[in-house]
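Have the sequence and the 3D view open side by side, and let's walk through this one together. We'll take a helix, then the core and its strands, and then some backbone oddities.

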Amino acid sequence: MKLALISSAAVCVALAAAPAALAQPGAYHAPRTAYGQPDLQGNWTNATITPFERDAKYGERLALTDQEVKELESSNAQLVAEGNKPTDPNAKVTDLPTNCGRGFTGVDCGYNSAWVDPGTKIIDMGGVKRASILVSPANGRLPKMTPEAAARMQARLASARGGRGSFDNPENRSLGERCILSFGSSAGPPMLPLLYNNNYQIVQTRDEVAIEVEMVHDLRHIRLAGAHPPADVKLWMGDSIGHWEGDTLVVETANMRPEQNFRGASAGSKIVERFTRVAPNQIKYSFTIDDPQVYTAPYTGEVALNATKGPLYEYACHEGNYALPGILAGARTEEKQALAAAKAAAAGGGSNE
């Protein structure tokens, strides 16, 4: 009887200690599809207020404190509340705020907050609240550009500031204005959050992973076999081929069209993406870009794809695309006004002689 009591006590001690051991999470293993592949399917969003590059004040610190997260998310909430205030219907374009946040100023402040959805939270993966999407280099900032690439960038900026040539025809306008791809890099690669429409749907078959992108209603096809076409065959979003490394889908993309040059990328840039389902409601999405013609070192970023409700609705870009004809019509009007002013000045000058 005494031995039985000792044994029972030992069992009780063991059970009391068990919750502490169980609290340590083990490695999560994604469920499998009917084809035995890790299941990435579902509706996901990468919306976040975590910036692409890290604020220099954080140095090499990736993790934010709880207080820093609270301040950043509260500040964003105040910005949204301010942006949701009614706009005076009698206000002119020149009356718009000089700085409405998120880098927008002047006429770019035309959106009330209700029209945008960049996210409200800092990225949280594995309990680490991220100070930046970039995780490498260690300071969370882009590597230095090569001298040649920096010179090309400066020349492009000077050209854009120096004239109105970019308004001459539709082909000179951005891909977003032309409803070809999103503003920024929503469809990717890399797939990054934007001002709104940050939702995706992933569907898998035995031979392909397809990603429907809400913004501009793009569709990425990731083949799980085969080879890239010849280098002179350029595709929107490039040609993506994936393979499985354990629970991770590794995707290599080549043959990107030159118009889709993320951060000034060259035709020789190499983009590798990794999709890993790390929890029932989260996919860890990482990307590494190696572009020695432009940057002095590769760089890597990580974004959380968090589960969200569906379905995705069609982004019928062309059906409401008044911006492109309006921009070009405005440029033609300015040209006519400048020509009329020049003729009037010439006529006036001739009569004074």
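Start with helix α2, residues 66–83: its 18 residues reach 26 Å from the first C-alpha to the last, close to the 26 Å expected at 1.5 Å a residue. That expected span is 1.5 Å times one less than the number of residues in the helix. Helices here are DSSP runs of H or I with at least four residues, strands are runs of E with at least two, and both are numbered from the N terminus. Before going further, keep in mind that this is a predicted model, so local features need pLDDT of at least 70 and side-chain atom pairs count only at pLDDT 80 or more, while totals for chains, interfaces and linings use all residues. Residues are numbered from 1 along each chain as its sequence is written, and side-chain values use heavy atoms, with hydrogens and water left out.

Which residues of α2 are buried? They are E68, V69, E73 and N76, where buried means under 20% relative accessible area, exposed means over 50%, and partly exposed is in between (1.4 Å probe, protein chains only). These buried residues cover an arc of only 120 degrees around the axis, which puts them on the same side of α2; the arc is taken from the directions from the helix axis to the C-beta atoms. On the other side of α2, K70 and Q78 are exposed. What do the buried residues of α2 pack against? Their partner is β3 (128–129), with contact meaning heavy atoms within 4.5 Å.

Now for the core. The largest nonpolar core has 38 residues, and those with the most contacts inside it are F52, I211, F275, F287 and Y299. A nonpolar core, in this sense, is a set of buried Ala, Val, Leu, Ile, Met, Phe, Trp, Tyr and Cys residues joined through side-chain atoms within 4.5 Å. Two or more residues come from each of β5 (199–204), β6 (208–213), β9 (248–254), β10 (270–279), β11 and β12 (299–307). Apart from this core lies another, of seven residues, among them C179, Y196, M215 and V216. Click on Y299 and, setting aside residues up to four places away in sequence, you'll find that it touches several residues, including F52, L134, S136, P137, F262 and F287.

Strand β12 deserves a longer look. Seven of its nine residues are buried, so β12 is largely enclosed by the rest of the structure. Which strands pair with it? Eight bridges join β11 to β12, and the two run antiparallel; two strands count as paired if DSSP finds at least two bridges between them. Within that pairing, F287 has G301 in β12 as its bridge partner. Strand β1 (residues 42–45) is also antiparallel to β12, joined to it by two bridges, and W44 is partnered there with A307. Strand β4 (residues 134–136) pairs with β12 over two bridges in the antiparallel sense too, with S136 opposite T300.

Stay with β11 for a moment, since two of its residues are worth a click. Q282 sits in this strand, which covers residues 282–290, and at 10% relative accessibility Q282 counts as buried. A polar atom of the Q282 side chain lies 3.0 Å from the backbone oxygen of D124. Leaving aside neighbours within four places in sequence, the contacts of Q282 also include W44, M125 and N306. S286 is in β11 as well, and at 11% relative accessibility S286 counts as buried. With the same neighbours left out, S286 is in contact with V272, E273, R274, G301 and E302.

Last, the backbone. Most residues other than glycine have a negative phi, and most peptide bonds are trans. Where are the exceptions here? A cis peptide bond joins S136 and P137, with omega about 5 degrees, and P137 is in the loop between β4 and α3 (147–162). The bond from G188 to P189 is cis as well, with omega near -5 degrees, and P189 lies in the loop between α3 and β5. C179 is in the loop between α3 and β5 too, and has a positive phi of about 60 degrees although it is not a glycine. At 10% relative accessibility, C179 counts as buried. H217 also has a positive phi, near 60 degrees, in the loop between β6 and β7 (218–223), but at 33% relative accessibility H217 counts as partly exposed.

Note on methods. A polar contact is a pair of N or O atoms within 3.5 Å; within protein, one must be able to donate a hydrogen and the other to accept it, and residues adjacent in sequence count only if both atoms are side-chain atoms.
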